Each structure stands twice: as structure tokens, then as C-alpha cells.
Amino acid sequence: MIKVVSFKICPFVQRVTAMLEAKNIPYEIQYISLSDKPQWFLDISPTGQVPLLVTESGTPLFESDAIVEYIDEVSAPLVTDTTAERRAVDRAWSYQATKHYLVQCSTMQSADGDKLLERSEKLNKSFARAEKQLGSGPYFHGDEIGNVDIAWLPLLHRAKLVEQHSGFDFFAEFPKVKDWQTAVLATGLAKKSVSEDFDEAFSNFYLAERTFLGRGGNFDEAPLPATSNSCCGSNSGGDSGDKAASSCC
Ligand SMILES: N[C@@H](CCC(=O)N[C@@H](CS)C(=O)NCC(=O)O)C(=O)O
């Protein structure tokens, strides 16, 4: 059976597991700690990053784009009338999602409201593009869920958890994206593609007291003391500079 090596709150992993779930492909999952990567993982992973998919014949595949393409090549397409042009367009729209995974991670970790709004601007440009492109739904191309929906699922899922916790709606200005979020989440694929304790793991990291959203996303809150608003400049854009922030995703 296919094995996916995972870190619980990684959006790149979720794209892969959501694709496997959407195609009803059985897989086993193994979670690792990114701050203490096991040697067996480092031995087979060229980048030391998750997701890593070990095929039935034992070949380790890395990079989520390559993994998703592999899954597509060894299984029936999600949409029935696909063409080379459509697959190319879908890859481009999928990329519009995946290149914003880390932007969303960093935005959710903002320590104050100003930082959140500043970081949201980049996301908003991407959401505005999707808003313009979306048709009458419910999914990106209409009635059938496809690869673009799966690529966007981690962004849509995380935005819903943030909204439920803090009331902050990433899609407040994007009604079509909002409807799309509702439709994609209604498939149940978001829940199926993560661990049972995902909401807790996600909240513990992104919706903790150190983040503006974790404290409820109150734009009227008093300014924070200067020390808690320092930016470490880590790759993930975390505000706290702690180890967890730089290893989140
Ligand atoms: N380009 C990679 C990005 C994967 C990625 O950033 N994974 C993060 C977790 S969300 C990771 O493994 N971080 C640990 C590290 O970089 O050492 C992909 O698409 O698979």
C-alpha cells in the first residue's frame, strides 16, 4: 500500500491526502516530527520535507506537485472529459493555491491586526483572481470536483477554522470563493484528509495566544508590547521566532 509521510498541519501534505481521498485510493500515513526528523526519513527524503509518498514498489516520491502528478498518472482522472489544455490550465490554477500555502501560514501567525491585514493583501490578490475565474459552481469547473479544488482545499479548510475561532473571514470580499469554500468543505474531503486531532493541532499552533487570530481577531485590541511583535525573519514568516514557527510548514 502507498505510504504518506506527514506532518499533521502541513498544507502540502493535505493536498496529497485530499487527492488520495477524492480518488478513493487506500494509503497508510505516518506522522513525523519536523523538529526531530527520524533517520529513516532523512535517508529516503532528498529534501527532508513532507509530504513524502512511498509507492507500492518502495520508491520515495517528494515534492507535492510531483506526487499529485504521479497519483494522477496511476489512477483515473477526477473529471471525465479532461484534455491536455484543461490539465495545463488546472495545473496553473493549482499553482495559484500552492504558492500561497506558506503565505497563509505566515498570515495566520500575525501577532497583531496590522500585520494580519498587511499579510492578507497578498492572499487577497490570489483570492480576487479566483473570484474572477469561478463560474456558477459549485466547484471550480462546475459539477465535478477536480484537481484545482483539491489544490485549494487546504487554503479553504484553514480559512474556515480561522473564521470559526475568531470570526475573521479571509473571503469576506469574495462571495464566489466563499460559496466554493462551502461546497468543497461539504464534500467531507477536508476532514478525511487530516488526522482526527487536526483541529486541535492546528489551533494549538495558529490560534494560540501569541497570534492575533488566536486572541479572537479583535481589531480594537490594545497595541502589544514591542517585544511580542518582533519579527524573526524566519522562512515561514512567523512572528515569534520560536522553533515551532520556523518548522510549521
Ligand atoms: N515544495 C515542497 C514544500 C513542502 C514543505 O514546505 N513542507 C514543510 C512542512 S509544511 C516541511 O517539510 N518543512 C520541514 C523542512 O523544511 O525542513 C512541496 O511542495 O512538497
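**Close-up views of a predicted model**

Buried residues account for 36% of the 249 residues in the protein, and the model shown in every view below is a predicted one. The protein has 11 helices and 4 strands. Among contacts between residues at least 6 apart in sequence, 70% join residues at least 24 apart.

**View 1. The open sheet of 4 strands, with helix α1 lying across β1, β2 and β3.** The strands of this open sheet follow the order β2-β1-β3-β4, and their pairing is mixed. Strands β2 (27-31) and β4 (60-62) stand at the edges with a single partner strand each, so one side of each is left without a neighbour in the sheet. From one strand to the next, the twist averages 25 degrees. Strand β1 (residues 2-6) pairs with strand β3 (residues 52-54) in the antiparallel sense over 3 bridges, and lysine 3 stands opposite valine 54 in β3. Helix α1 (residues 11-22), which lies across β1, β2 and β3, runs at about 155 degrees to β1.

**View 2. Helix α1 against helix α7, in a right-handed crossing.** The axes of α1 and α7 come within 9 Å and cross at roughly 135 degrees, and the two helices are therefore oblique to each other. On the side of α1 the contact is made by Pro11, Gln14, Arg15, Ala18, Met19 and Ala22, and on the side of α7 by Ile150, Ala151, Leu153 and Pro154. Sorted by class, the residues of this contact of α1 with α7 divide into 8 nonpolar, 1 polar and 1 charged.

**View 3. Helix α5 beside helix α7, in a left-handed crossing.** The axes of helix α5 (residues 101-108) and helix α7 (residues 147-166) come within 10 Å and cross at roughly 15 degrees, which makes α5 roughly parallel to α7. Tyr101, Gln104 and Met108 of α5 make the contact together with Pro154, Leu155, Arg158 and Val162 of α7. The residues in this contact of α5 with α7 comprise 5 nonpolar, 1 polar and 1 charged.

**View 4. Helix α7 and helix α8, with axes that come within 9 Å.** The axes of α7 and helix α8 (residues 175-186) cross at roughly 100 degrees, and the two helices are therefore roughly perpendicular to each other. Helix α7 contributes Asp149, Leu153, Leu156, His157, Ala159 and Lys160 to the contact, while α8 contributes Gln181, Val184 and Leu185. This contact of α7 with α8 holds 5 nonpolar, 2 polar and 2 charged residues.

**View 5. Two buried residues, isoleucine 71 and alanine 130.** Isoleucine 71 lies in helix α3 (residues 64-73) and is buried, because 21 other C-beta atoms lie within 10 Å. Leaving aside its neighbours within four places in sequence, isoleucine 71 is in contact with Met19, Leu20, Lys23 and Ile25. Lysine 23 is 48 residues away from isoleucine 71 along the chain, and their C-alpha atoms are separated by 9.0 Å. Alanine 130 is found in helix α6 (residues 113-133) and counts as buried, because it has 21 C-beta neighbours inside 10 Å. Between alanine 130 and phenylalanine 174 there are 8.8 Å in space, C-alpha to C-alpha, although the two are 44 residues apart in sequence.

**View 6. Two cis peptide bonds, one before proline 51 and one before proline 138.** Most peptide bonds are trans. A cis bond joins valine 50 and proline 51, with omega about 5 degrees, and proline 51 has its place in the loop between α2 (39-44) and β3. Glycine 137 and proline 138 are likewise joined by a cis peptide bond, with omega about 5 degrees, and proline 138 lies in the loop between α6 and α7.

**View 7. Asparagine 24 and glutamate 63, each with a positive phi.** Most residues other than glycine have a negative phi. Asparagine 24, however, has a phi near 55 degrees; this residue lies in the loop between α1 and β2, and it counts as exposed because it has 8 C-beta neighbours inside 10 Å. Glutamate 63 has a positive phi of about 70 degrees, although it is not a glycine. The place of glutamate 63 is in the loop between β4 and α3, and with 15 C-beta neighbours inside 10 Å it counts as partly exposed.

Terms used:
Residues are numbered from 1 along each chain as its sequence is written. This is a predicted model: local features need pLDDT of at least 70, side-chain atom pairs count only at pLDDT 80 or more; totals for chains, interfaces and linings use all residues. Axes are lines fitted to C-alpha atoms, for helices over the stretch in contact, and angles run from 0 to 180 degrees between N-to-C directions. Angles under 35 degrees count as roughly parallel, over 145 as roughly antiparallel, 65 to 115 as roughly perpendicular and the rest as oblique. A crossing is left-handed if the near helix is turned anticlockwise from the far one by less than a right angle, and right-handed if clockwise. Two residues are in contact if their C-beta atoms, placed from the backbone, lie within 7 Å. Ala, Val, Leu, Ile, Met, Phe, Trp, Tyr, Cys and Pro count as nonpolar, Asp, Glu, Lys and Arg as charged, and the others, Gly among them, as polar. A residue is buried if 20 or more other C-beta atoms lie within 10 Å of its own, exposed if 12 or fewer, and partly exposed in between; C-beta atoms are placed from the backbone. Two strands pair if DSSP finds at least two bridges between them.
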